[in-house]
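Student: Could we go through this model together and test each label against its cut-off?

Tutor: Happily; here it is.

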Amino acid sequence: MTTFLDLALHRRSIRKYQNKPIEAEKIQTILQAGLASPSGKHLNPWEFVVVTDHDILTRMSTCRTYGSSMLNGSPLGIVVCLDTALADTWQCDGAIAALNMLLCAEDLGLGGCWVQVNGRTLSEDDSVTANEYIRSLLAIPDNLTVLCIVSIGYKLEDKKPINIDKLQYEKIHYGKY
């Protein structure tokens with residue numbers, strides 16, 4: 001990939017990973033990409049919890065009924081936590097940081113996937129939120145909300161890049177709607 005557009009088109013949600021640890025240097029680079037993300041008023045309301053322990057990742061994989069199971073096979077999970085009192089833009093700030101890390105992972109030859117946590121529950125009938133479960137599991141302070149988890153690993157599946165000719169250009173409006 002030589003351009004940002006190439007990177008964006010090649011980054012796909014990867015949910016199957018090789019049983020191979022990620023080098024510390026690559027993890028550091030991914031975290032730097034997250035920390036370098038823009039945020040409202042440059043308040044940087046995020047905190048990242050880096051998880052490489054397989055047993056903990058397996059327990060994290062049950063934080064939702066659907067959409068978190070890939071963590072069980074992932075060598076790395078980065079929990080994106082935010083101080084909601086620090087910035088009213090916390091959800092946007094956290095999403096931008098998570099995307100920066102996902103794009104950085106792709107650039108490093110890794111795959112990744114976003115796991116939504118905020119606003120989700122352990123199961124459809126359960127009163128325990130995914131946020132409460134992850135916070136308890138990882139001893140995350142009460143003043144932080146878990147927005148998402150970014151799972152990252154060496155790809156075990158290969159997905160074609162997004163076809164630029166099939167983008168929804170009809171959703172673009174110039175001047176006014």
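Student: Which residues of the largest nonpolar core touch the most other members?

Tutor: Keep in mind that this is a predicted model. Ile-30, Phe-48, Ile-78, Val-80, Val-150 and Ile-152 touch the most other members, in a core of 24 residues. Helices H2 (24–35) and H4 (90–107) and strands E1, E2 and E4 each give two or more residues to this core. H4 provides the largest share, seven residues.

Student: What makes the core that includes Leu-57 a second one?

Tutor: That core is separate, with 21 residues, including Leu-57, Leu-71, Val-117 and Ile-149. Members of one core are joined through side-chain atoms within 4.5 Å.

Student: And what is Val-80 in contact with, leaving aside its neighbours within four places in sequence?

Tutor: Its partners include Phe-48 and Val-150, together with Gly-94, Ala-98 and Met-101. Thr-145, Val-146, Leu-147 and Cys-148 are also among them.

Student: Why is the pair Lys-155 and Glu-106 called a salt bridge?

Tutor: Their closest N and O atoms are 3.0 Å apart, and the cut-off is 4 Å, so the pair qualifies. Lys-155 lies in the segment after E4 and Glu-106 in helix H4, so the salt bridge ties together parts 49 residues apart in sequence.

Student: How do you know whether Lys-155 and Glu-106 are buried or exposed?

Tutor: Compare each value with the limits: buried is under 20% and exposed is over 50%. Lys-155 has 26% relative accessibility, so this residue counts as partly exposed. Glu-106, at 5%, is buried.

Student: How many salt bridges does a search of the whole structure find?

Tutor: Two. Asp-142 and Arg-135 form one of them, with their closest N and O atoms 2.6 Å apart. Asp-142 has a relative accessible area of 70%, so the label is exposed, whereas Arg-135, at 15%, is buried.

Student: Why are the buried residues of H5 said to be on the same side?

Tutor: The buried residues of H5 (residues 130–138) are Ala-130, Asn-131, Ile-134, Arg-135, Leu-137 and Leu-138. They cover an arc of only 165 degrees around the axis, so they sit on the same side of H5. There is a general pattern to go with this: an α-helix has 3.6 residues a turn, so residues three or four places apart point the same way. What covers the buried residues of H5 includes strand E1 (46–51), helix H3 (54–60), strand E2 (76–83) and strand E4 (144–153). After H5 comes Ala-139, with a positive phi near 55 degrees.

Student: How do you know that Glu-157 has no salt bridge?

Tutor: The nearest side chain of opposite charge, Lys-159, is 4.4 Å away, and a salt bridge has to be within 4 Å, so this pair does not count. Glu-157 is nevertheless buried.

Student: Which backbone nitrogens does the side chain of Glu-157 reach, then?

Tutor: The backbone nitrogen of Arg-15 lies 2.6 Å from a polar atom of that side chain, and the backbone nitrogen of Lys-16 is reached at 3.1 Å. With a 3.5 Å limit for polar contacts, both distances fall inside.

Student: Last one: why is Pro-75 called buried?

Tutor: Pro-75 has a relative accessible area of 16%, and the limit is under 20%, so the label fits. Pro-75 is found in the loop between H3 and E2, and the residues in contact with Pro-75 include Tyr-17, Pro-21, Val-51 and Ile-152.

Note on methods:
Residues numbered from 1 in each chain as written. Predicted model: local features only at pLDDT ≥ 70, side-chain atom pairs only at ≥ 80, totals over all residues. Heavy atoms only, no water. Buried < 20%, exposed > 50% of the residue type's maximum accessible area, 1.4 Å probe, protein only. Helix = DSSP H or I, 4+ residues; strand = E, 2+ residues; numbered from the N terminus. Arc of directions from axis to C-beta. Contact = heavy atoms within 4.5 Å. Lys, Arg positive; Asp, Glu negative; His and termini not counted. Polar contact = N/O pair within 3.5 Å; in protein donor to acceptor, adjacent residues only side chain to side chain.
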